[in-house]
Amino acid sequence: MLDFLYYPVSAVMWFWHQAFGLVLGPSSGVAWALSVVFLVLTLRALMIRPVLSQMRSAQRMRRIAPQLAELRKRHGGDKQKLAEETMKLHREHGVSPLGSLLPMLVQIPVFVALLHVLRYFNRPGLTFDQNAAIPNYVFGPDEVRSFLEARLFGAPLSAYVSMPQGLLDSFGAPVDRISVIAVAVPLMLLAAVATHVTARRSLRQQPATDPQTAQIAGMMRLTPWIFPLGAIAGGLFFPFPVAILVYWLTSNAWTLGQQHVIGRIVEREQPPVPVRAPARTPAVAPRPGQKPIRKPGATAARAPRGA
C-alpha cells in the first residue's frame, strides 16, 4: 500500500550501499551503516530550502511579536476579530505559524518506510536461506543475503534488543543478544541526548505565540523530554533495529549543525529588531509669577566675576 514510499527509500539506501560496498565490501556492516547515514544526509540535503524558509518565517514572527501583543490587547474580548486580524498580519509579513512542523512531517514517512524495509530483510517465520532468496523492494537476493550476513560490531543492522531468539538465530550465524545490547544501548543513549539538545535549541528559536498556536506551543515545550524517552523506550521495548537508531542519531546530529549554520545565515539577512526608547515625561514650565522649584542638592549658578 505504501510502495510509493518503500521503493524510493530502498533505492537511495541501495545506491549508497553500492558506493561504500566497492570500498569496504558488500557484506561490511560499516558499509550498510553508512548507507543508512547517507540516506539521512540525502533527505536532509533536499530539505535545506524548506528549512531555510521556515527559519526565515520564524524570524519574521519574532519581529512582529509586539504587534501581536497589541492585537491581543485591542481585540482580547472578540476572538473572531482577533483571529482575523492575526491572520491578516501573518499574510502581510509572509509568516506561517505552523511552518515549523513541515520538516518533521516530511521525515515521518521516511522513518516509517525505512523501518519497514529493514524489517523485511529478515521476515518472521522464514529461515536464513528463505529470506536470502526473496528480494526486498530494490534489493535483490544477493543484497538481502549480504545484509543478513553483515555485522556492526557483532550485531546485525536489523536486529533489536527485544527480538525473539528465533529471529536472532535466522541471521545465518548465531547472534548473541548481548552483542545486540552492546551496540543498541549506546546508540539509543546518544540518540536521546542529541534529541534533547536539538529540541531545546528549537524551542529557543520558536517565535512568540498567539491564541491560534498557544496549544501547539504548549505541547512543543514537552518535546525535549518526550522525544528522548521515545528513543530509549523504542530501542528497549519496541522493534527499533540498530539501523533505525543509526538513522535517529544521524538525523539529530544533522539538525544540531543545521540550526547553528542556517540560524546564523538568517540572523545576518534580517535587520536587528528595533528597540523603542522609553518615552520621556515632558518638563512642565512654572506658571507666571511662580517661584521655580529647585531639586534637592542643586546649587544656584554663580555670576561670573567682573559682571
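**Helix packing and the nonpolar core**

In this predicted model, the axes of helix α3 (residues 48-63) and α13 come within 10 Å and cross at roughly 55 degrees. An angle between 35 and 65 degrees falls in the oblique range, and α3 and α13 are therefore oblique to each other. The crossing of α3 past α13 is right-handed. On the α3 side, the residues involved are Ile-48, Val-51, Leu-52, Met-55, Arg-56 and Gln-59, and they meet Trp-254, Gln-258, Gln-259, Ile-262, Gly-263, Val-266 and Glu-269 of α13. Sorted by class, this contact comes out at seven nonpolar, four polar and two charged residues.

Helix α13 also packs against α2. Here the axes lie 9 Å apart, at an angle of about 40 degrees, which makes α2 oblique to α13. This crossing, too, is right-handed. From α2 come Ala-33, Val-36, Val-37, Val-40, Leu-41, Leu-43, Arg-44 and Ala-45, while α13 brings Ala-243, Val-246, Tyr-247, Thr-250, Ser-251, Trp-254, Thr-255 and Gln-258. The tally for the contact of α2 with α13 is 11 nonpolar residues, four polar ones and one charged. Trp-254 and Gln-258 of α13 turn up in the contact with α2 and again in the contact with α3.

What, then, does α2 do with α1? The two helices pack at an angle of about 135 degrees, their axes 8 Å apart, and that makes α1 oblique to α2. The handedness of the crossing of α1 and α2 is right-handed. Val-9, Val-12, Met-13, Trp-16, His-17, Phe-20, Gly-21 and Leu-24 are the α1 residues in this contact, and they meet Val-30, Ala-31, Trp-32, Leu-34, Ser-35, Val-36, Phe-38, Leu-39 and Thr-42 of α2. No charged residue takes part in the contact of α1 with α2, which has 13 nonpolar and four polar residues. Val-36 of α2 appears here as well as in the contact with α13.

Stepping back to the whole chain, there are 13 helices and zero strands. Of its 307 residues, 38% count as buried. Among contacts with a separation of 6 or more, 70% are between residues 24 or more positions apart.

The largest nonpolar core has 51 residues, and Met-13, Trp-32, Leu-114, Leu-118, Phe-121 and Leu-157 touch the most other members. Elements giving two or more residues to this core are α1 (3-24), α2 (29-46), α6 (102-119), α8 (141-149), α9 (165-168), α10 (177-204) and α13 (242-269). Apart from this core lies another, of seven residues, including Met-61, Leu-71, Leu-82 and Leu-89.

Leu-118 gives a closer look at the largest core. With its neighbours within four places in sequence left aside, Leu-118 is in contact with Met-13, Phe-147, Ser-158, Pro-241, Ala-243 and Ile-244. One of these partners, Ser-158, sits in the loop between α8 and α9. Is Ser-158 buried or exposed? Its relative accessible area is 4%, and anything under 20% counts as buried, so Ser-158 is buried. Again leaving aside neighbours within four places in sequence, Ser-158 is in contact with Leu-118, Asn-122, Phe-147, Met-163, Phe-171 and Pro-241. Phe-147 and Pro-241 are thus listed for Ser-158 and also among the contacts of Leu-118.

Key: Residues are numbered from 1 along each chain as its sequence is written. This is a predicted model: local features need pLDDT of at least 70, side-chain atom pairs count only at pLDDT 80 or more; totals for chains, interfaces and linings use all residues. Side-chain values use heavy atoms; hydrogens and water are left out. A nonpolar core is a set of buried Ala, Val, Leu, Ile, Met, Phe, Trp, Tyr and Cys residues joined through side-chain atoms within 4.5 Å. Buried means under 20% relative accessible area, exposed over 50%, partly exposed in between (1.4 Å probe, protein chains only). Helices (H or I, at least four residues) and strands (E, at least two) are DSSP runs, numbered from the N terminus. Contact means heavy atoms within 4.5 Å. Axes are lines fitted to C-alpha atoms, for helices over the stretch in contact, and angles run from 0 to 180 degrees between N-to-C directions. Angles under 35 degrees count as roughly parallel, over 145 as roughly antiparallel, 65 to 115 as roughly perpendicular and the rest as oblique. A crossing is left-handed if the near helix is turned anticlockwise from the far one by less than a right angle, and right-handed if clockwise. Ala, Val, Leu, Ile, Met, Phe, Trp, Tyr, Cys and Pro count as nonpolar, Asp, Glu, Lys and Arg as charged, and the others, Gly among them, as polar.
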